[in-house]
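Open the model in your viewer and keep the selection panel at hand. The tour goes stop by stop, with a selection to make at each one.

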Amino acid sequence: MMNFIKCPNLPQKSVTSLICGSDDERIMSFFAAQGINVLKSEINPDIAQPVSFHADMACLHLGDDIIISDKRQTILMSSLEKMGMTVHKTAESIRGKYPSDIKLNVAVVGDFAIGNFKYADTALSELLKNKTLLNVKQGYSKCSVLVLNESAIITDDESI
């Protein structure tokens, strides 16, 4: 049985696996040298190129063994399930121009979820029912914050 991070973005022990959207060999080599297993999110050709490879656009870790993924991330979902994660699929495929591409770009921080929930995937409402939802204008909410602990983030986005 794997140990999963209880609070997203806040590992309590050494990280043994992570999800990355990059093909950069330097990044992959760095993680491999640290003994970290890298699961790759698949590039999404149906969203804007600058964010098409971002793991934050493909999946969202909700804590413990719970994750939600774009329903088309079949390889990633299979790998996560083999690791023992409970994988939920988005209600719709992630595609289109902003803001249609931000369905999973939500920052889960302690008891809060920060995002533009007007455009979030409908499956999130049930999965985040135990969190206080902080609706913000910033669609790329997860990409715009650095989680420090369960009650603090760093961002330069005034809407957050």
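The stops below cover two sheets, some salt bridges, a few backbone details and a surface patch.

Bear in mind throughout that this is a predicted model.

**Stop 1: the β3-β4-β5 sheet**

Select residues 59–63, 66–69 and 86–89, which are strands β3, β4 and β5. Together these three strands make an open sheet of mixed pairing, in the order β3-β4-β5. β3 and β5 are its edge strands, each pairing on one side only. From one strand to the next, the twist averages 25 degrees.

Now add helix α3, residues 74–82. Which strands does the helix touch? It packs on the sheet with contacts to β3, β4 and β5, and its direction makes about 155 degrees with that of β5.

Hide the helix and look at the pair β4 and β5. Four bridges connect these two strands in the parallel sense. For a single position to label, take Ile66, which has Thr86 of β5 opposite.

Next, select Asp64, in the loop between β3 and β4. Asp64 is not a glycine, yet its phi is positive, at about 50 degrees. With a relative accessibility of 40%, Asp64 is classed as partly exposed.

**Stop 2: the β6-β7-β8 sheet**

Select 107–109 for β6, 112–115 for β7 and 132–135 for β8. This is an open sheet of three strands, again listed in spatial order as β6-β7-β8, and its pairing is mixed. β6 and β8 each have a single partner strand, so one side of each has no neighbour in the sheet. The average twist between successive strands is 20 degrees.

β6 and β7 run antiparallel and are joined by three bridges. Label Val108 to see one of these positions: its bridge partner in β7 is Ala113.

**Stop 3: a salt-bridge network around Asp46**

The whole structure holds five salt bridges. Begin with Asp46 and show its side chain along with those of Arg72 and Arg95.

Arg72 and Asp46 form a salt bridge in which the closest N and O atoms are 2.4 Å apart. Where in the chain do the two residues of this pair lie? Arg72 is in the loop between β4 and α3, while Asp46 is in the loop between β2 (37–40) and α2 (55–58); the two are 26 residues apart, and the pair links distant parts of the chain.

Turn to Arg95, whose salt bridge with Asp46 has its closest N and O atoms 3.8 Å apart. Arg95 sits in the loop between β5 and β6 and Asp46 in the loop between β2 and α2, so this pair ties together parts 49 residues apart in sequence. Through shared partners, the salt bridges join Asp46, Arg72 and Arg95 into one network.

Are these three side chains buried, exposed or in between? Arg72, at 30% relative accessibility, is partly exposed. Asp46 is partly exposed at 33%, and Arg95 is partly exposed at 44%.

Stay in the loop between β2 and α2 and select Asn44. Its relative accessible area is 6%, so Asn44 is buried. Leaving aside residues up to four places away in sequence, Asn44 touches Ser52, Asp70, Arg72 and Ile94. Arg72 is therefore a contact of Asn44 as well as a salt-bridge partner of Asp46, and it counts as partly exposed at 30%.

**Stop 4: the Asp24–Arg26 pair**

Select Asp24 and Arg26, whose side chains meet in a salt bridge with an N to O distance of 2.7 Å. Arg26 is exposed, at 67% relative accessibility, whereas Asp24 is partly exposed, at 24%.

**Stop 5: backbone details**

Go to Tyr98 and Pro99, which are joined by a cis peptide bond with omega of about 10 degrees. Pro99 belongs to the loop between β5 and β6.

Then select Asn9, in the segment before β1 (17–20). Its phi is near 75 degrees, a positive value in a residue that is not glycine. Asn9 is partly exposed, with a relative accessible area of 35%.

Most peptide bonds are trans, and most residues other than glycine have a negative phi.

**Stop 6: a nonpolar patch**

Finish with the surface display on and select Leu146, Leu148 and Ile154. These residues make a nonpolar surface patch of about 280 Å². Leu146 is in strand β9, residues 146–149, and is partly exposed at 49% relative accessibility.

How values were computed. Residues numbered from 1 in each chain as written. Predicted model: local features only at pLDDT ≥ 70, side-chain atom pairs only at ≥ 80, totals over all residues. Heavy atoms only, no water. Patch = residues over 30% accessible without salt bridge, like charges linked within 9 Å, V, L, I, M, F, W, Y side chains within 5 Å. Areas by Shrake-Rupley, 256 points an atom, 1.4 Å probe, with all protein chains shown as cover. Salt bridge = Lys/Arg side-chain N within 4 Å of Asp/Glu carboxyl O. Buried < 20%, exposed > 50% of the residue type's maximum accessible area, 1.4 Å probe, protein only. Pairing = 2+ DSSP bridges. Axes fitted to C-alpha atoms, helices over the stretch in contact; angles between N-to-C directions. Contact = heavy atoms within 4.5 Å.
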